[in-house]
Amino acid sequence: MNKTQSLTSGAMAAALLILVSAVIQWLPYHDVLTYNSAALSERIWSLISAPLVHLDWNHWLFNMAGLALIVGIFNEQFDMRQLFNNYLLISVFSGGLLWLWPETVQYVGLSGVLHGLLLVCLINVALKQPWYAVVIVVVLGKVIAELMGFRPAHFVGPDVALIHAAGIIAGALTWFLQRRRIADAVRRKKAQQD
């Protein structure tokens, strides 16, 4: 796939996520789509739907701008399947991690997934350009500061730091699983050639 096809495919996937999120935001009955760790067994779909639901249109716009920036900056890493796989894995892993938290966690919004997606992209780039490790340290430092009590004015709710941390951990796990799969495929191909 050439760079233009990759950009178009990744941009199309991001546009589809943005469109689906806009439709969901416009529709009523958001409560049934929101994540609540205490009710997860009754609403398992919220692992996938909660990141697409937002508190209001400003929250939606902020998150969608973040998605567009990540896909735009790291467009060579995405085709449609790759972006959707990352979205699904990070959503499910982060929701599962929040379910393990001893207190009830509720959330809507894409910021946890965005943190995980950003980490996946940064690790991939850092493997080729090691100075990107500095950016990874900055992102991790930001999340640690949030966990220690740093709360920017745009934070809504007490669980935002946990959601971002779960997204980062889910991103690392997603990267590891994808990297392992690629390495296994290379080994299989080499074995077939021998």
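These legends walk through a predicted model, one close-up at a time.

In this predicted model, local features need pLDDT of at least 70 and side-chain atom pairs count only at pLDDT 80 or more, while totals for chains, interfaces and linings use all residues. Residues are numbered from 1 along each chain as its sequence is written, and side-chain values use heavy atoms, with hydrogens and water left out.

**View 1. The whole chain, with its 7 helices and 2 strands.** Read from the N terminus, the elements go α-β-α-α-α-β-α-α-α. Helices (H or I, at least four residues) and strands (E, at least two) are DSSP runs, numbered from the N terminus. Of the 194 residues, 45% count as buried; here buried means under 20% relative accessible area, exposed means over 50%, and partly exposed is in between (1.4 Å probe, protein chains only). About 11,100 Å² of the chain is exposed, and carbon and sulfur atoms supply 68% of that. Those accessible areas come from the Shrake-Rupley method with a 1.4 Å probe, and for residues only the protein chains shown count as cover. As for contacts (heavy atoms within 4.5 Å), take those in the chain with a separation of 6 or more: 76% of them are between residues 24 or more positions apart.

**View 2. The largest nonpolar core, 37 residues in all.** A nonpolar core is a set of buried Ala, Val, Leu, Ile, Met, Phe, Trp, Tyr and Cys residues joined through side-chain atoms within 4.5 Å. Look for Leu-67, Ile-70, Phe-74, Phe-78, Leu-83, Leu-110 and Leu-117, which have the most contacts inside this core. At least two core residues come from each of H1 (3-26), H3 (57-73), H4 (80-100), H5 (111-126), H6 (133-147) and H7 (160-193). The top contributor is H5, with 10 residues. Now zoom in on Leu-83: setting aside neighbours within four places in sequence, this residue is in contact with Gly-10, Ala-13, Ala-14, Leu-17, Val-71, Phe-78 and Leu-117.

**View 3. A second, separate core of 10 residues, and an aromatic pair.** Among the residues of this core are Tyr-35, Leu-40, Tyr-107 and Ala-166. Rings of Phe, Tyr and Trp (its six-membered ring) pair if their centres lie within 6.5 Å; planes under 30 degrees apart count as stacked, over 60 as edge-to-face and the rest as tilted. The structure holds 3 aromatic pairs, and one of them is Tyr-35 with Tyr-107: a tilted pair, 4.9 Å centre to centre with 35° between the planes. Tyr-35 sits in strand S1 (residues 35-36) and Tyr-107 in strand S2 (residues 106-107), so the pair links distant parts of the chain, 72 residues apart. Tyr-35 is buried at a relative accessible area of 0%, and Tyr-107 is buried too, at 8%.

**View 4. A nonpolar patch on the surface, about 700 Å².** Leu-16, Leu-19, Val-20, Val-23, Trp-26, Leu-27 and Trp-57 make up this patch. Patches are made of residues with over 30% relative accessible area and no salt bridge; like charges are joined within 9 Å, and nonpolar side chains (Val, Leu, Ile, Met, Phe, Trp, Tyr) within 5 Å. H1 gives the most here, with 5 residues. Leu-27 belongs to the loop between H1 and S1 and is partly exposed, with a relative accessible area of 39%.

**View 5. Lys-142 and Glu-146, joined by a salt bridge.** A salt bridge is a side-chain nitrogen of Lys or Arg within 4 Å of a carboxyl oxygen of Asp or Glu. Searching the whole structure turns up 1 salt bridge. The closest N and O atoms of Lys-142 and Glu-146 are 2.3 Å apart. Both residues lie in helix H6, 4 residues apart, or about one turn of the helix. Lys-142 is partly exposed at 33% relative accessibility, whereas Glu-146 is buried at 1%.

**View 6. Leu-147 in helix H6 and its contacts.** Leu-147 is partly exposed, with a relative accessible area of 45%. Not counting residues up to four places away in sequence, Leu-147 touches Ala-161, Leu-162 and Ala-165. Between Leu-147 and Leu-162, 15 residues apart along the chain, the C-alpha separation is 6.9 Å.

**View 7. Leu-52, in the loop between H2 (46-49) and H3.** Leu-52 counts as buried, at 9% relative accessibility. Leaving out residues up to four places away in sequence, Leu-52 touches Leu-17, Val-20, Ser-21, Ile-24 and Tyr-87. Leu-52 and Leu-17 are 35 residues apart in sequence, with 7.8 Å from C-alpha to C-alpha.
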